[in-house]
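Q: Please take a close look at how the core of this model is packed. Begin at the far end of the chain and work inward, with the ring contacts, the helix contacts and the unusual backbone sites in one account.

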Amino acid sequence: MKLAAITNRLAGLGGAKWEIHALARKLSAQGQNIIELTIGEPDVATPDALVSAAVDALGRHRTGYSSGEGEPGLRAALAERYSTRNGREITPNQIMCFPGTQTSLYTIFTGIVETGDEVLVGDPMYATYEGVIRASGATMVPVPLRPENGFRMQAADIENRITPNTRAIFLNTPHNPTGSILTAEDITAIGALAKKHDLWIVSDEVYEDLIFDGSAFTSPLSFPDLADRVIVASSISKSHAAPGFRSGWLVGPADFTAALLPLAETMLFGNQPFIADMTEKAVRDGSTVATGMCERFAKRAALLDQRLSDESDLVVHRPDAGMFALINVASTGMSGLDYAKHLLEHGNVAVMPGNSFGDSLKDWVRVALTVDDAAFDRACDHIIKHAHSLQMETV
């Protein structure tokens with residue numbers, strides 16, 4: 001039977017990127033003691049108060065249909081939060097609620113681009129970005145995020161890739177996998193290009209609450225002159241350690257959300273009311289776990305950097321936010337993919353090969369900072385021992 005073209009556009013963008021993670025899980029199930037530093041799962045459970053809020057809402061039979069925009073209470077809470085954080089009024093009719101950031105991004109790109117259009121996105125990038133762009137029929141155009149610029153997207157690199165078909169600039173700040181944060185100056189320069197060429201700016205800000213001490217976050221949503229072209233996507237998955245609840249949203253211009261509503265209603269009718277009630281509490285109360293995660297992740301990144309710098313030839317890129325650090329493995333003579341396979345086989349540590357996040361990270365691997373301190377310290381031991389064994393093999 002004939003399949004739709006979308007299946008061809010998305011072919012090869014699924015499980016292959018997670019090959020090392022899947023193999024690590026398989027080896028663990030077989031009894032091997034694997035330290036898993038692959039996916040970005042919060043290192044704490046969803047707070048009991050949020051679980052109770054969802055259970056209480058179920059007890060109140062908050063299980064009916066929602067609206068296509070999302071529950072009014074949650075949208076009001078989000079409008080208050082974004083108005084306060086960005087220093088300008090955001091109204092509930094600028095917000096739509098979805099099951100997680102991923103669904104929000106899929107809906108956004110389905111609404112703003114189509115076949116023949118181009119979307120500029122930083123390389124490296126989160127593994128699903130190419131899929132949400134290609135699903136719409138648009139073409140993804142990678143923009144290099146250079147280590148010498150702290151992996152922050154630069155306006156000059158964007159401008160070199162703008163064509164008459166360009167429709168959007170896709171930002172991720174704080175960034176996965178690099179942990180970089182765009183500065184206000186970066187956004188000002190990027191915004192000037194967007195205005196000059198009449199482009200959308202889509203910003204994934206799911207790591208907004210996981211900023212390490214000494215760093216600061218700025219959203220393009222806070223720039224009044226960009227108000228008619230900025231769309232933000234986020235969720236409580238990371239900030240509130242609630243990835244399994246699948247509760248996210250988008251914030252954009254009111255005329256955009258109005259135009260997008262029929263698409264949202266075609267896909268689903270808002271997020272589930274009992275989850276919306278829990279999310280409203282999360283948004284209004286703020287996170288009780290984000291500060292602790294920031295402290296632990298920053299500490300582990302510093303430990304990784306110090307130990308690998310002192311005890312190996314591996315080079316660590318220290319993040320400013322988020323759940324991950326990067327290791328440059330070029331000194332081993334291996335690609336990131338070959339190194340990740342070898343480390344898993346000979347060092348019992350699972351990391352993500354950099355090419356899962358774009359061609360520019362072929363000599364890198366991504367390390368999750370989300371296992372407990374004792375396990376992370378053991379992982380550092382294994383990585384260093386493995387590096388020494390590789391050196392001995394080349395002598």
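A: E393 sits in helix α13, which covers residues 373–394. The model is predicted. The relative accessibility of E393 is 55%, so this residue counts as exposed; the cut-off for exposed is over 50%. Set E393 against T84. In sequence, 309 residues separate the two. In space, their C-alpha atoms are 57 Å apart.

Now the rings. A pair of aromatic rings is described by the distance of the centres and the angle of the planes. Searching the whole structure gives 6 aromatic pairs. One of them joins F151 and W364. The centres of F151 and W364 are 5.6 Å apart, and the planes meet at 80°, an edge-to-face arrangement. This pair links distant parts of the chain. F151 is in the loop between β4 (139–144) and α7 (155–159). W364 belongs to strand β12, residues 364–368. The two are 213 residues apart. Both F151 and W364 are buried.

Y207 and F324 make another pair. Their ring centres lie 6.4 Å apart and their planes stand at 75°, so this pair too is edge-to-face. The centre distance falls within the 6.5 Å limit for a pair, and planes over 60 degrees apart count as edge-to-face. Y207 comes from the loop between β6 (200–204) and β7 (230–235), whereas F324 is in strand β10 (residues 324–328). The pair therefore ties together parts that are 117 residues apart in sequence. Y207 is buried at a relative accessible area of 4%. F324 is buried as well, with 3% relative accessibility. Buried here means under 20%.

F324 has a further partner. The charged end of R366 sits over the F324 ring, 3.6 Å from its centre. The ring of F324 thus has Y207 as an aromatic partner and the charge of R366 over it. A second charge-over-ring contact involves R81 and Y82. There the charged end of R81 is 5.1 Å from the centre of the Y82 ring. Elsewhere, F109, Y126, Y129 and F170 form one aromatic cluster.

Next, the helices. Two packed helices are described by the angle between their axes and the distance between the axes. Take α3 (residues 48–59) and α10 (residues 273–285). Their axes come within 8 Å and cross at roughly 145°. The crossing of α3 past α10 is right-handed. From α3, the contact uses A49, L50, A53, A54, A57 and L58. These meet F274, D277, M278, K281 and A282 of α10. By class, that contact has 9 nonpolar residues, 2 charged and no polar. In a helix, residues three or four places apart point the same way, because an α-helix has 3.6 residues a turn.

Helix α5 (residues 100–112) packs on helix α9 (residues 254–267). The angle is about 115°, and the axes are 10 Å apart. This crossing is right-handed too. The α5 side supplies T103, Y106, T107, I108, T110, G111 and I112. The α9 side supplies F256, L260, L263 and M267. Here the residues divide into 7 nonpolar and 4 polar, with no charged ones.

Helix α12 spans residues 336–347. Its buried residues are G336, Y339, A340, H342, L343, L344 and G347. N348 follows α12. This residue is in the loop between α12 and β11 (349–353). The phi of N348 is near 60°, a positive value in a residue other than glycine. N348 counts as partly exposed, at 25% relative accessibility.

That leads to the backbone. Most residues other than glycine have a negative phi, and most peptide bonds are trans. H61, which is not a glycine, also has a positive phi of about 60°. H61 lies in the loop between α3 and α4 (72–86). At a relative accessible area of 66%, H61 is exposed.

Two cis peptide bonds complete the picture. One joins D123 and P124, with omega about 20°. P124 is in the loop between β3 (118–123) and α6 (129–135). The other runs from T173 to P174, with omega near -10°. P174 is in the loop between β5 (166–172) and α8 (184–197).

How values were computed:
Residues numbered from 1 in each chain as written. Predicted model: local features only at pLDDT ≥ 70, side-chain atom pairs only at ≥ 80, totals over all residues. Heavy atoms only, no water. Phe/Tyr/Trp six-rings, centres within 6.5 Å; stacked < 30°, edge-to-face > 60°. Helix = DSSP H or I, 4+ residues; strand = E, 2+ residues; numbered from the N terminus. Buried < 20%, exposed > 50% of the residue type's maximum accessible area, 1.4 Å probe, protein only. Lys NZ or Arg CZ within 6 Å of the ring centre and 35° of its normal. Axes fitted to C-alpha atoms, helices over the stretch in contact; angles between N-to-C directions. Left-handed = near helix turned anticlockwise from the far one by under 90°. Contact = heavy atoms within 4.5 Å. Nonpolar A, V, L, I, M, F, W, Y, C, P; charged D, E, K, R; others polar.
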